[in-house]
Number of protein chains: 2
Amino acid sequence: MNMLCVGTLAIDSVETPAGNRERVLGGSASYFAYAAGFYTPVRLIGRTGNDWPEDYTRSFQNHRVDWRGVTSDSQAKSYFWRGRYLQDYQDRQTLEIQMHGFDRYRPSVPDFYADSEIVFLAAAIPTVQHQVLEQCTRAKLVFADTVDMWIDTTRSELLELLAKIDGLFINDIEAKQLTGKSNYVQAARSIQAMGPRWVILKKGEHGCFVLGPDLMLAIPAYPSDRLIDPTGAGDSFAGGLLGHLCENMDSEVLGERSAVAIDRRVFVQAVKHGTAVASYTIESFSIERLQQINREDIEKRVAQIDSLMGHCG
Amino acid sequence: MNMLCVGTLAIDSVETPAGNRERVLGGSASYFAYAAGFYTPVRLIGRTGNDWPEDYTRSFQNHRVDWRGVTSDSQAKSYFWRGRYLQDYQDRQTLEIQMHGFDRYRPSVPDFYADSEIVFLAAAIPTVQHQVLEQCTRAKLVFADTVDMWIDTTRSELLELLAKIDGLFINDIEAKQLTGKSNYVQAARSIQAMGPRWVILKKGEHGCFVLGPDLMLAIPAYPSDRLIDPTGAGDSFAGGLLGHLCENMDSEVLGERSAVAIDRRVFVQAVKHGTAVASYTIESFSIERLQQINREDIEKRVAQIDSLMGHCG
């Protein structure tokens, strides 16, 4: 199956209790694509500016990421984010955002990506996510992510999007914000009623909760004592999860989009793989740790996660 | 094996977003003993006052709880607690505590309990827990619980106790308070270094994290959308866990206390059973829900917890 990711490519400056980095590779699409690249070639749609380091591009290209969908803007710089983690990582401050024209960027799906079957719409203005979705005419599974800003400011547009996607990644606090339910199980059920058949609630260090058709999962996070920078954990999780799904689903057996089923065992493994990849992401800044590991390291961590849950294999 | 529990028997008045109850059965020892009673006879040491309803006593006696160790004070009332859960259960307020002499109560272990092998010291003044421990000369496994008040006010006494027990139940926030570590894995490791070979970190709706000798577990809570009253969830969890251990460990194979080992499979099942029992506790006030269920209901929920963690079959 063909995997497409649309989202933000950014340059980040990050300060955490463990240290800091200036102008490193960041953005939701970066983390997602690199994580998914462990499992499957990833088609990427995004935008970079004239200060985007060639090195960053090569990191992706060497990792099965198809860069042809990335637009380079020679007239402006790349999207820039500066942030700081405070109080032992309990709080995150955005210190600076430089859009550099990114807010006017409207991703378009090139013809050679038109046959993409699994699509990930990273967090963005819901109308922009919607426009991309409408161009993915052969998609079989469309998953999206969203964040608090869009729930706050573009709620009705977000609800329209939710009615048209197959799965939503969302963190537990945002799920409560979106639904008004204080109980996360009720929140997930409410979101499911808004459209997406799969709701993947991300709970950070507490793991995830997944609702699907005839599926309910609660998988703990890997209990890390090597937390350096949590940036990108959620998108890496989504990348590992959907990458693993993409690798293990057979497009031949997929029917109409609304009827696509995912085998329980495949989904369970996918969630564990997402969890494992994300657990590596946080062990360093940017995608630095992901660049050091291979598929075997991920499999080892999946086995550790199995062991944590008491599987006696 | 013989199980002993020492702790508080109380009368509670509770207000939650779901409703309220006046003067219902409460206290750490009540929840622990009732939960453990599903698995094994439980010897109970505690104190009641002259307003303690006979009904409450009978509820325990009908559930394999040995009441002979409970002291009835004819000159004073029972320990009373009034509390309120706020903000969708995110915060708990203690509105009123009436000690009625409970603060002067010093539990003593009667001769007929002297051969107790598994001992649970519910949260109490650490020196009182210590005094009980010293009377349990034939104990093979001593687990304790503690709460923020004792960490704050009797830290050195608590540290002395920790050096002498085999396992500690503690919630994640209190573990951070006790150790100064903001990462819960590091906090658990620090506590282990203080003495207890098993550290069971309770994370409420996020389940638990367990460190033991050659053991690390992360088991999610049952994702309940029927939360009524979380009071007693932690003690029920401990009761289900230790009750199941007691049922499934063979005292014949136990050697010296410091060398007692617990089979991994037995421990894993025990943690799931604790999780299952606690998930029922919160579905009503007091022990009301526990009084409606039987062992088969617990086994069903353990199977659901297995399924949540992706066990197939």
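This is a short tour of a predicted model with two chains, A and B, to follow in your viewer.

**Stop 1: both chains together**

Start with everything on screen and colour by chain. Turning chain B by 180°, with 0.0 Å of shift along the rotation axis, lays it on chain A with an RMSD of 0.0 Å. That is the relation of a two-fold axis.

**Stop 2: where the chains meet**

Now pick out the residues of chain B that touch chain A. Here 25 residues of chain B are in contact with 25 residues of chain A. Which elements of chain B give two or more residues to this side? They are α7 (184-193), β13 and α9 of chain B. Colour β13(B) separately, since you'll want it again: with four residues, β13(B) gives the largest share. If you colour this side of chain B by residue class, you get 13 nonpolar, seven polar and five charged residues. Flip over to chain A next: 100% of the interface residues of chain B are also interface residues there, so the copies meet through the same surface.

**Stop 3: the sheet of chain B**

Hide chain A for a while and show the strands of chain B. Nine of them form an open sheet, and reading across you should find β5-β4-β1-β8-β9-β10-β11-β12-β13, with mixed pairing. Select 65-72 and 215-219 of chain B to see the edge strands, β5 and β13, each of which pairs on one side only. So that's β13(B) again, the strand that gives four residues to the side touching chain A. On average, neighbouring strands of the sheet are turned by 15° against each other, ignoring direction.

Zoom in on β9 (residues 141-145) and β10 (residues 167-171) of chain B: the two run parallel and are joined by three bridges. Click on B:Asp145 and look across to β10(B), where B:Phe169 stands opposite.

Next, bring back two helices that pack on this sheet.

- Helix α1 of chain B, residues 28-36, touches β1 (3-6), β4 (42-48), β5, β8 (118-121) and β9 of chain B, and its direction makes about 160° with that of β1(B).
- Helix α6 of chain B, residues 172-179, touches β10 and β11 (198-202) of chain B, and its direction makes about 110° with that of β10(B).

**Stop 4: a helix pair in chain B**

Select residues 264-281 and 295-308 of chain B, which are helices α9 and α10. Their axes come within 9 Å and cross at roughly 110°. That makes α9(B) and α10(B) roughly perpendicular to each other, and the crossing is right-handed. For the contact itself, show side chains: α9(B) brings B:Lys272, B:His273, B:Thr275, B:Ala276, B:Val277 and B:Ser279, while α10(B) brings B:Ile298, B:Arg301, B:Val302 and B:Ile305. By class, that gives five nonpolar, three polar and two charged residues. Remember α9(B) from Stop 2, where α9 is among the elements on the side touching chain A.

**Stop 5: over to chain A**

Bring chain A back. Its open sheet of nine strands has the order β5-β4-β1-β8-β9-β10-β11-β12-β13, with mixed pairing. The edge strands are β5 (65-73) and β13 (215-219) of chain A. Select β1 (residues 3-6) and β4 (residues 42-49) of chain A: four bridges join these parallel strands. What stands opposite A:Cys5 in β4(A)? Look for A:Leu44.

Finish with helix α3 of chain A, residues 126-135, which packs on the sheet and touches β1, β8 (118-121) and β9 (141-145) of chain A. The direction of α3(A) makes about 165° with that of β8(A).

Note on methods. Residues are numbered from 1 along each chain as its sequence is written. Chains are lettered from A and ligands numbered from 1 in the order in which they are written. This is a predicted model: local features need pLDDT of at least 70, side-chain atom pairs count only at pLDDT 80 or more; totals for chains, interfaces and linings use all residues. Axes are lines fitted to C-alpha atoms, for helices over the stretch in contact, and angles run from 0 to 180 degrees between N-to-C directions. Angles under 35 degrees count as roughly parallel, over 145 as roughly antiparallel, 65 to 115 as roughly perpendicular and the rest as oblique. A crossing is left-handed if the near helix is turned anticlockwise from the far one by less than a right angle, and right-handed if clockwise. Two residues are in contact if their C-beta atoms, placed from the backbone, lie within 7 Å. Ala, Val, Leu, Ile, Met, Phe, Trp, Tyr, Cys and Pro count as nonpolar, Asp, Glu, Lys and Arg as charged, and the others, Gly among them, as polar. Two strands pair if DSSP finds at least two bridges between them. Copies are superposed by least squares on the C-alpha atoms of residues with pLDDT of at least 70 in both.
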